[in-house]
Amino acid sequence: MTKKEPAKFAEPVMRQWPLYLLIPLALFGTFVGVLMTSHHERETYGTEAQQGAELIGCTESATVNCDIVNTSAYSELLGVPIATFAVPTYLLVALLALAALRGRRDALPMLLGIGVGAALYSVFLFYISSTQLHYLCAWCLRLYAVNAAIPVLAAIAGARPRPLPSLRSVGFALGVAAALTVVAVIAQRSYRSSLLGTEATVTALARREAASVPTVRDTIDPDGPAPAREFQVTTEAGAQATLVIRPQDAWLGPRDAAVTVVEFADLQCGYCKRTSAQMDRLIDAYADRVLFVFKHYPMDPACNPGVQNRRHARACVAGRAAVCAQRQRRFWEFTRVAFKNQHALDVDTLRAYAEHAGVPDLSAFDACMSDPSSAEAVRRAASDGAALGIRGTPRIFIEGAIYRSGSSAEQMARAIEVALGRSAEEATAAARSIREASDAPIAEIAADVPPTRHIARGDLTFSIQTFEAAMSASGQAESGKHRIPATDMSWYAARDACSAAGMRLCTEREWVTACQGAAAVDDDHDGESADDLVEGTSYPYGDYHDATRCWDGREQDGVRPVYTGEMPGCVSADGVFDLTGNVEEWAGATEAEAVLLGGAWDTSEDHARCYRRNASFGPGYANRRTGFRCCSGE
Amino acid sequence: MASIRVRHGAVIAACLAVAVVASAQPRRAPEMIPERPTSLVGRTAPEIAAPLLDGAQFTLASLRGRVVVISFFASWCTPCRAELPALSELAQRRRDISIVAVNVDREPAAARAFLGPLDVRLPIVLDHAAVALGRYGVVSMPTLFVVDRRGTVKYEKSGFNRETSLAEIERAIAEAR
């Protein structure tokens with residue numbers, strides 16, 4: 001009896017070429033996953049220097065922007081960039097293709113399953129990109145193509161949905177996938193830690209702990225969620241809409257207040273910064289009677305469905321930081337510091353602002369920054385603004401009426417007074433009391449103004465020349481009204497002229513203190529005071545630029561410096577004139593510290609501030625823009 | 001009686017008119033300091049005495065008798081990246097003149113890093129303290145001077161345009177000879 005031959009079944013043909021094609025495609029996908037992960041982490045958690053470089057292979061256009069897509073609220077899943085999950089997925093695809101080539105036929109249905117899942121997820125991401133973010137990402141499109149190719153190639157290779165692979169095979173594949181995912185996430189976390197823990201962050205914060213950190217004030221943030229309210233407002237288009245106040249919105253004032261003021265703002269918007277000073281006045285005057293609510297409206301489609309174009313690249317992350325500060329009841333102080341220092345809003349600087357604002361648990365703040373819920377809170381608030389058809393920031397709603405950046409504190413106070421039940425006349429009179437300081441007329445400079453001012457702020461006590469120095473015939477630095485400020489001064493010449501007058505050049509810290517009206521703190525202990533947090537005002541006379549006050553922003557040909565004291569409004573809190581604009585001023589005790597501060601007549605309004613520092617050239621630098629003033633004392 | 005009233009009324013009206021005009025008078029424009037020439041053209045070129053990148057000492061006085069082109073540059077200056085190779089090429093063609101490039105970076109390493117990838121075969125003067133820069137009153141980068149054989153500045157130019165600047169410089173050299 002012959003042995004019975006086992007029955008032969010026709011094995012479906014397994015084509016090898018699609019698998020050979022699948023392996024390099026999967027490796028390409030792995031490479032893109034790594035590239036997109038590092039790009040996401042750098043853009044979201046890196047320092048300003050690490051950000052901003054255009055991603056190779058993704059030239060920005062009207063429809064393509066990898067920065068926006070790859071940093072959007074949808075770019076993370078459970079705090080991990082979705083690109084990171086692509087790495088183990090594609091590696092698994094490559095391994096399965098390899099296994100199939102080595103005769104493991106049951107790898108093919110798994111390839112088909114992964115491929116179908118990846119392709120469907122691609123459709124979802126493409127939908128989000130086009131409808132929510134309004135931009136596509138070139139590298140994502142390449143991955144979508146790879147994802148579409150996986151099931152097609154697996155099917156061509158001979159994959160069939162049935163029979164299903166054995167449980168053991170699937171379990172093994174899932175184990176490999178889990179192991180690869182763990183390795184990928186650990187690598188991504190280490191990279192993020194290295195970004196968050198860069199030298200700049202660690203040293204600045206560690207040093208700050210040792211430094212004279214301003215005393216943390218008691219928080220003014222109320223405890224608990226905002227009182228949920230809804231009221232009808234007139235939109236910018238003149239339509240009626242419902243403004244919703246949600247429990248997670250930042251708020252201040254009595255929960256049962258009869259009047260509500262809601263501000264939509266963007267922490268990177270210059271007009272919002274200006275308006276923040278007016279809002280502070282309103283809060284000071286009415287926080288006992290009025291409910292104030294702040295809602296984020298960043299001008300960046302990455303976190304705001306209401307805007308099409310990215311105007312403020314740092315607005316989303318700054319909004320997120322404000323949400324994280326709010327969760328530790330430091331929202332109002334945080335936004336005050338962030339507005340004042342709006343020139344720097346990268347992740348590590350925002351962390352420093354949080355610390356400065358008194359956020360008690362910085363580890364929790366860090367965790368919150370990478371928690372998707374903080375991004376979602378910003379997006380939710382922005383969506384509320386989008387529903388009202390907001391076209392810009394700031395927008396302030398006072399009992400249904402809308403106010404913009406041009407509205408003065410006095411104007412808004414009048415609206416509040418009327419809403420509180422005052423008559424029109426009473427409201428006008430009451431509102432006058434919070435008229436802005438800059439509304440005050442500019443006083444002429446007295447004839448007997450002293451040549452130097454004595455300043456005692458914080459631990460600093462010194463005297464500084466009231467005006468930019470003029471040169472006497474004998475080479476001494478002199479200070480007085482209606483003199484020709486010295487120009488063409490090198491640091492050496494300025495030092496000698498001060499010395500001849502029995503004085504010395506101001507240190508950078510003294511100069512910045514005199515300009516901003518508050519003791520300058522060298523936050524990062526690098527010996528420079530104009531590169532740190534702004535403790536006082538941005539300009540000598542206030543927080544925002546006023547073209548009538550200083551001789552700055554005059555870039556036209558033929559403009560020269562003015563005589564000293566020609567700009568009486570360009571005066572600091574301590575009565576020192578022309579610190580910003582007119583001529584740049586040498587400061588610094590040594591050659592190494594030599595620095596030009598304050599900008600000149602042709603320095604733009606954005607740059608002619610108390611923290612303007614020009615250290616590009618050595619102490620011999622001298623031309624028609626370089627002047628100085630002297631200091632004395634300790 | 002009526003005429004007195006009219007006269008008083010007229011005086012009061014005139015005073016009011018003067019007060020209104022005076023109060024409406026716009027604040028006078030701030031007075032700028034007198035204009036004075038800032039260009040070095042026509043004046044003796046200030047001396048430059050500083051080390052060269054190769055360690056030797058450079059003095060402008062040692063080139064007296066030759067037409068000298070002096071270009072001030074900094075590592076962060078983008079147009080300088082185009083200007084220096086163009087001047088280097090000019091120096092290879094024109095052996096009868098001297099072209100020197102003065103680096104004004106505060107950090108000594110910056111000049112080497114900047115010049116590394118560029119084909120620049122010019123003497124590089126290191127002016128880290130910006131002493132020469134200050135003597136020439138340079139405001140922006142790059143700024144170039146052409147000095148004639150007697151040491152007088154004949155031409156001064158800020159910025160560099162790939163299409164037009166080199167021809168302009170060559171014309172200035174021809175006029176300085």
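In this predicted model, helix 9 of chain A passes helix 10 of chain A in a right-handed crossing. A second arrangement in chain A is an open sheet of four strands, across part of which helix 17 of chain A lies, over strand 10, strand 11 and strand 19.

**Helix 9 and helix 10**

- Helix 9 of chain A spans residues 315-326 and helix 10 of chain A spans residues 331-340; their axes come within 8 Å and cross at roughly 150°.
- Because of that crossing angle, helix 9 of chain A is roughly antiparallel to helix 10 of chain A.
- From helix 9 of chain A, the residues A:Ala318, A:Ala322, A:Ala325 and A:Gln326 take part in the contact, and they meet A:Phe331, A:Phe334, A:Thr335 and A:Ala338 of helix 10 of chain A.
- Sorted by class, this contact of helix 9 with helix 10 of chain A comprises six nonpolar and two polar residues, with no charged residues.

**The four-stranded sheet**

- The strand order of the open sheet in chain A is 10-11-19-14, and the pairing is antiparallel.
- Strand 10 (452-457) and strand 14 (504-505) of chain A form the edges, each pairing on one side only.
- Six bridges join strand 10 of chain A to strand 11 of chain A (residues 460-465) in the antiparallel sense.
- Within chain A, A:Ala456 is placed opposite A:Thr461, a residue of strand 11.

**Helix 17 on the sheet**

- Helix 17 of chain A, residues 508-516, lies across strand 10, strand 11 and strand 19 (630-632) of chain A.
- The direction of helix 17 of chain A is at about 80° to strand 11 of chain A.

Notes. Residues are numbered from 1 along each chain as its sequence is written. Chains are lettered from A and ligands numbered from 1 in the order in which they are written. This is a predicted model: local features need pLDDT of at least 70, side-chain atom pairs count only at pLDDT 80 or more; totals for chains, interfaces and linings use all residues. Axes are lines fitted to C-alpha atoms, for helices over the stretch in contact, and angles run from 0 to 180 degrees between N-to-C directions. Helices (H or I, at least four residues) and strands (E, at least two) are DSSP runs, numbered from the N terminus. Angles under 35 degrees count as roughly parallel, over 145 as roughly antiparallel, 65 to 115 as roughly perpendicular and the rest as oblique. A crossing is left-handed if the near helix is turned anticlockwise from the far one by less than a right angle, and right-handed if clockwise. Two residues are in contact if their C-beta atoms, placed from the backbone, lie within 7 Å. Ala, Val, Leu, Ile, Met, Phe, Trp, Tyr, Cys and Pro count as nonpolar, Asp, Glu, Lys and Arg as charged, and the others, Gly among them, as polar. Two strands pair if DSSP finds at least two bridges between them.
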